[in-house]
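Visitor: I have a few "how do you know that" questions about this one. Can we go through them together?
Guide: Sure, pull up the structure and fire away.

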Amino acid sequence: MYYVVLDLEWNSSYSKKSKSFINEIIEIGAVMVNAGFEVIDTFSTIIKAQLGKRLTSRVKALTNISNEDIRGGVPFSKAFEDFEKWLGGKDTVIMSWGDSDVRVLSDNFLFFNNDERVPFLKKYLDMQKYFQHCYNLPSSKQVGLITAAELCGIDTSDVSSHRALEDSLLALRCLKKIFDEEKMAAFTQECNEDFYKKLRFKVHNITNLRDPHIDKSLMRCDCQNCNKPMQRLSEWKCVNQAFRALFYCRECSNMGLFTIKFRRHFDRVDTHTTFIKLEPAEEESVLTAAQNSSVTG
Ligand SMILES: [Zn+2]
């Protein structure tokens, strides 16, 4: 078994063909280790951009890659043929920090090769997900690579630019701290039809109250002062892709706007709630307004 940490840099380019922006891959960086975690080899190549001849200022600043660099790069298909050759047909788990790299990879294969399937991607592990599991961090928050490195005590002061190979080597150093073959196997996905279905899924906020993925039992609010269940005084209203209603505590007269956001992922729904307490001066006018419109609860 071999593990390959893959990191891609990409540039947002406009495609006249699809009349939309696509994240065009401009650099591949990778490092291969064996089951004993010894580095076997590294891979690094710049890809000649076909769509975006100019890098966005953000990408330039982040990566230090220049427009000349991408003009002199290797064409997309040749670059990935070289990469596949480099993998050498070994039994390999490809890993990346977060799944956006594989999503972009699949997008690029779909765009340039008319097939969303990435031929060399057989098994995949999302290192970010695995790392957050090991460190007991909630999946709703995504930990960036630099933060992760700092969390596991790696000195990041010498990490200056985001280059694909450097990032993959840094990700590897993080992984070394939590390397556990058995545990990692549980996080490894077969890159089958389901894998691509999940990859294509667009994470979104639920804005329809009748959406069956909403757990209505979560649409309640306990008083922050006395812990008693609060009474809802207004209808739910969708504001900024979240649901908001006025709540009142009969025990202590606490009143405020409770907001709950449902964020739908392929296999789960994350919720985020806030409560904004209304000051006594505001209460009266809001209460009257709520009572005049519709009183529920
Ligand atoms: Zn209360």
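**Reading the helices and the sheet**

Guide: Let's start with α4, whose buried residues pack against β1, β2, α3, β4, β5 and α9 (193-200). Keep in mind that this is a predicted model.

Visitor: Which residues of α4 are the buried ones?
Guide: They are Asp101, Val102, Leu105, Ser106, Asn108 and Phe109. To be called buried, a residue needs 20 or more other C-beta atoms within 10 Å of its own.

Visitor: Why say that the buried residues of α4 line one face of the helix?
Guide: Look down the axis of α4: the buried residues fall within an arc of 160°, so one face is what they line.

Visitor: What is the reach of α4 from its first C-alpha to its last, and what is expected at 1.5 Å a residue?
Guide: The 14 residues of α4 reach 19 Å, close to the expected 20 Å. Just after α4 comes asparagine 114, with a positive phi of about 60°.

Visitor: On to α3. How far apart should its ends be, at 1.5 Å a residue?
Guide: Helix α3 (residues 76-87) has twelve residues, so the span should be 16 Å; the end C-alpha atoms are 17 Å apart, which agrees.

Visitor: What makes the buried residues of α3 a one-face set?
Guide: The buried residues of α3 are Phe76, Ala79 and Phe80. Down the axis of α3 they fall within an arc of 90°, so they line one face of the helix. On the other side of α3, Ser77 and Lys85 are exposed.

Visitor: What covers the buried residues of α3?
Guide: The cover includes β2 (20-34), β3 (39-46) and α4 (100-113). As for its placement, α3 lies across β1 (2-15), β2, β3 and β4 (92-96), and runs at about 175° to β3. Just after α3, glycine 88 has a positive phi of about 65°.

Visitor: Now the sheet. What is the strand order, and what kind of pairing does it have?
Guide: The order is β3-β2-β1-β4-β5-β6, an open sheet of six strands with mixed pairing.

Visitor: Why are β3 and β6 called edge strands?
Guide: β3 and β6 (188-190) each pair on one side only. Pairing here takes at least two bridges between two strands, so a strand with such a partner on one side only sits at an edge. On average, neighbouring strands of this sheet are turned by 30° against each other, direction ignored.

Visitor: What makes the pairing mixed, strand by strand?
Guide: β1 and β2 are antiparallel, with 14 bridges, whereas β1 and β4 are parallel, with four bridges. Strand β5 (residues 123-126) is joined to β6 by three bridges, and these two run antiparallel.

Visitor: Which residues should I click on to find those pairings?
Guide: For β1 with β2, try valine 5, whose bridge partner in β2 is valine 31. For β1 with β4, tyrosine 2 has threonine 92 in β4 as its bridge partner. For β5 with β6, tyrosine 124 stands opposite glutamine 189 in β6.

Visitor: How many residues lie between β1 and β2 in their hairpin?
Guide: There are four residues between them, and lysine 19 in the turn has a positive phi of about 55°.

Visitor: Why does methionine 1 count as partly exposed?
Guide: Methionine 1 has 14 C-beta neighbours inside 10 Å. Exposed would take 12 or fewer and buried 20 or more, so a count of 14 lands in between. Methionine 1 is in the segment before β1, and it touches Ala35, Asp91 and Val93, leaving aside residues up to four places away in sequence. Methionine 1 and alanine 35 are 34 residues apart in sequence, yet their C-alpha atoms are 5.7 Å apart.

Visitor: And aspartate 267: buried or exposed?
Guide: Exposed: aspartate 267 has 7 other C-beta atoms within 10 Å, and the cut-off for exposed is 12 or fewer. Aspartate 267 is in the loop between β11 (255-264) and β12 (269-277).

Visitor: Last one: how does the radius of gyration of the protein chain sit against a compact globule?
Guide: A compact globule of 297 residues would be near 19 Å, but the protein chain has 24 Å. The C-alpha atoms fill a box of roughly 70 × 45 × 40 Å along the principal axes, and 28% of the 297 residues count as buried.

Conventions: Residues are numbered from 1 along each chain as its sequence is written. This is a predicted model: local features need pLDDT of at least 70, side-chain atom pairs count only at pLDDT 80 or more; totals for chains, interfaces and linings use all residues. The expected span of a helix is 1.5 Å times one less than its number of residues. The arc is that of the directions from the helix axis to the C-beta atoms. Two residues are in contact if their C-beta atoms, placed from the backbone, lie within 7 Å. Axes are lines fitted to C-alpha atoms, for helices over the stretch in contact, and angles run from 0 to 180 degrees between N-to-C directions. The radius of gyration is taken over C-alpha atoms; the globule rule is 2.2 Å times the number of residues to the power 0.38.
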